[in-house]
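Student: Got a minute to go through this model with me? I'd like to start with the strand pairing and then see what's inside.

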Amino acid sequence: MKRILLSLVAIATIALTSFGQAPEGFKYQAVVRDAGNLILNNQAVGMRLTIQQGSIGGITAYSETFATTTNGYGLVNLEIGTGTTSYDFSTIDWANGPYFMETSVDITGGTSY
């Protein structure tokens, strides 16, 4: 009887903890190019990522900045939710979408997006 009860408690615990949860961040990759479409490899860049709610150019739900460096192929790897910001990523209500993401880049490594 104890085994059955213990098994039921274990199954219930696993079932309750397996429900989906909102992420605390997500991965983002981009290849950075200049106005002439040349890949900027091994270069410091400043990036601002803004999550907008409702439509393109809609209400800003979240915004953050990054100071990063491209790799040898011009690629940057970021995790949205871990940059410099005054917003709280965990307060985004993903059920109230749609959401759109705007990416701004300063190819000189500054903050002139």
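Student: Which residue in S4 does Ala30 stand opposite?

Tutor: Val76. Keep in mind that this is a predicted model.

Student: OK, and how many bridges do S1 and S4 pair over, and in which sense, parallel or antiparallel?

Tutor: Six bridges, and the sense is antiparallel.

Student: Back to Val76: is its side chain buried or not?

Tutor: Buried, pointing to one face along with Leu78 and Ile80, which are buried too. Leu75, Asn77 and Glu79 point to the other face of S4 and are not buried.

Student: Why would side chains switch faces like that?

Tutor: That is what a regular strand does: side chains alternate between the two faces of the sheet.

Student: What does Ile80 touch, skipping its close sequence neighbours?

Tutor: Leaving out anything within four places in sequence, its contacts include Phe26, Tyr28, Leu49, Ile51, Tyr62, Phe89 and Met101. Glu24, Gly25 and Glu64 are on the list as well.

Student: And the largest nonpolar core, which residues have the most contacts inside it?

Tutor: Tyr28, Met47, Ile51 and Ile80, out of 16 residues in that core. Strands S1, S2, S3 and S4 each give two or more residues to this core, and the largest share, four residues, is from S2.

Student: Switching topic: what's the order of elements along the chain?

Tutor: From the N terminus it goes α-β-β-β-β-β, so to speak one helix and five strands.

Student: How much of the chain is buried?

Tutor: 24% of the 113 residues. The accessible surface is about 7,700 Å², with 57% of that belonging to carbon and sulfur atoms.

Note on methods:
Residues are numbered from 1 along each chain as its sequence is written. This is a predicted model: local features need pLDDT of at least 70, side-chain atom pairs count only at pLDDT 80 or more; totals for chains, interfaces and linings use all residues. Side-chain values use heavy atoms; hydrogens and water are left out. A nonpolar core is a set of buried Ala, Val, Leu, Ile, Met, Phe, Trp, Tyr and Cys residues joined through side-chain atoms within 4.5 Å. Buried means under 20% relative accessible area, exposed over 50%, partly exposed in between (1.4 Å probe, protein chains only). Contact means heavy atoms within 4.5 Å. Accessible areas come from the Shrake-Rupley method with a 1.4 Å probe; for residues, only the protein chains shown count as cover. Two strands pair if DSSP finds at least two bridges between them.
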